[in-house]
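Got the model loaded in your viewer? Let's walk through it one selection at a time.

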Amino acid sequence: MLLARIKSSAKDNKCDLAMEICSLAVRKPWQGKGIARNLVIAATRWAETHGLDQVILVIPENQTSTPALKRLTSLEAGWHDSPGKVIVTLSDPIKVGALLARLEKMAKRQQQRWGWKIAPYPDELTSELQARLAAPDEHNIGKPYDPNQPYSTGCHSLRYSRLLMADDKLVGWLAAHQLSPNLLRYNKVWVDPGWEKSGGLLAMVADVMRPAHFAGVDLHANNLKICRPIPKGCFSFYPNHINMPRMSERHFRPVASQWVETRTRSLPLPRTSKSYTKGEVSSERKAESY
Ligand SMILES: CC(C)(COP(=O)(O)OP(=O)(O)OC[C@H]1O[C@@H](n2cnc3c(N)ncnc32)[C@H](O)[C@@H]1OP(=O)(O)O)[C@@H](O)C(=O)NCCC(=O)NCCS
């Protein structure tokens, strides 16, 4: 089985349409017989005939499937390679509970020093959130959850999302994505420049971790076998991000149940006769593709 989706992104004022292979799996007895290669070839042909710009496959490092996936997307065959996100999963209640106790202590101290406040995430966009969404895209500047682009799986969780306010002004947010009843993704986590070292970001994380994974639990007498009500949390970051790698290595890697580095492999496809500007967002190509 090969599952893929069409992803559009704006690049140099042009709309780039990619086919992202989200999942590729062959049953064990049938592995090593060229089935995955044929699926990738068929999907690539489909993308090409439908005028898409590239095919993307994210490859996890150090997994049993890694060598096969790398051969399927070899650089000799024209695939490009770039660093992908690091995906971190937390689920060990003892280790994560100890981290939460530390984060809560730190948050209390830093709040007194910096004076920020944590507020609930509103169910309707405030003018400040609207302005952030309307701001031009900038490298390394975060955006809050956009209700016009809902998740294809799971939903934006108001209960587990927060805003960070200073002098009644928005300076950060944590927008959580409930992927399933068992998994909460700490998706859009952001603080404005100048607030990175204020402890506000980790304080929002702790403020969500408590009700999401340790509801009604005394952290000092924590003998949980499994976090509750949501057993697992996850987040991801690009290794070249300014702050996330260092912060994640320091606080989350020691207690993570999974820390998976990935590579992004992409195959540029020959350009069809038409080129599209960003404004067009090629509804024609999209409609065809779907
Ligand atoms: C990864 C997977 C999809 C490959 O499927 P497959 O049908 O066995 O792959 P193919 O037979 O088409 O082989 C593709 C290439 O990988 C190579 N390959 C296959 N298994 C390999 C292995 N264990 N080690 C090294 N190379 C391997 C093949 O030799 C072939 O390369 P070549 O054509 O240059 O000789 C399959 O192993 C699988 O389903 N794994 C579990 C699910 C998974 O982890 N999916 C990936 C995450 S989305």
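Before we start colouring, one definition: a residue is buried here if 20 or more other C-beta atoms lie within 10 Å of its own. On that basis, buried residues account for 28% of the 290 residues in the protein. Bear in mind as you go that this is a predicted model.

**The whole chain**

Start with a cartoon view. You should find seven helices and ten strands. The C-alpha trace spans about 60 × 45 × 30 Å along its principal axes. Of the contacts between residues at least 6 apart in sequence, 70% join residues at least 24 apart.

Now colour by domain. Domain 1 takes 2–85 + 263–287, and domain 2 takes 92–230. Put a centroid on each if your viewer allows: the C-alpha centres of domain 1 and domain 2 lie 32 Å apart.

**The largest core**

Next, select Leu174, Val205 and Val208. Within the largest nonpolar core, which has 38 residues, these three touch the most other members. Add the elements that give two or more residues to this core: strand S4 (80–90), helix H3 (93–114), strand S6 (155–166), strand S7 (169–180), strand S8 (183–191), helix H5 (200–213) and strand S9 (232–237). Which of them gives the most? That's H5, with nine residues.

Zoom in on Val208. What is Val208 in contact with, once you leave aside its neighbours within four places in sequence? Show Tyr160, Arg162, Leu174 and Ala176, and you have the set. There is also a second, separate core of 17 residues; to locate it, pick Ala4, Leu17, Ala18 and Leu57, which are among its members.

**Following S6, S7 and S8**

Stay with the strands for a moment and display S6 and S7. They run antiparallel, paired over eight bridges. For a landmark, pick Cys155, whose bridge partner in S7 is Gln178. The two strands make a hairpin with two residues between them, and Asp167 in the turn has a positive phi of about 50 degrees.

Carry on from S7 into S8. Another hairpin connects this pair, again through two residues. S7 and S8 are antiparallel and joined by eight bridges. To check the register, click Gly172 and look across to Val191 in S8, which stands opposite.

**S10 and its two partners**

Now select strand S10 (residues 258–268). Strand S3 (residues 54–60) runs antiparallel to S10, and seven bridges join the two. Val58 makes a handy marker, standing opposite Thr264 in S10.

S10 also pairs with S4, in the antiparallel sense, over eight bridges. Here, look for Ile87 and its bridge partner in S10, Val260. While you have side chains switched on, remember that in a regular strand they alternate between the two faces of the sheet.

**The ligand**

Last stop: centre on the ligand and show the 17 residues that surround it. The closest are Gln31, Ala36, Arg37, Ser65 and Pro67. Strand S2 (14–24), helix H1 (35–49) and helix H2 (66–72) each supply at least two residues of this shell. H2 gives the most, with five residues.

Finally, colour the shell by residue type. How many of its residues are nonpolar, polar and charged? The split is nine nonpolar, five polar and three charged.

Note on methods:
Residues are numbered from 1 along each chain as its sequence is written. This is a predicted model: local features need pLDDT of at least 70, side-chain atom pairs count only at pLDDT 80 or more; totals for chains, interfaces and linings use all residues. A nonpolar core is a set of buried Ala, Val, Leu, Ile, Met, Phe, Trp, Tyr and Cys residues joined through C-beta atoms within 7 Å. A residue is buried if 20 or more other C-beta atoms lie within 10 Å of its own, exposed if 12 or fewer, and partly exposed in between; C-beta atoms are placed from the backbone. Helices (H or I, at least four residues) and strands (E, at least two) are DSSP runs, numbered from the N terminus. Two residues are in contact if their C-beta atoms, placed from the backbone, lie within 7 Å. Two strands pair if DSSP finds at least two bridges between them. A residue is near a molecule or strand if its C-beta atom, placed from the backbone, lies within 6 Å of it. Ala, Val, Leu, Ile, Met, Phe, Trp, Tyr, Cys and Pro count as nonpolar, Asp, Glu, Lys and Arg as charged, and the others, Gly among them, as polar. Domain bounds come from an automatic or database domain assignment.
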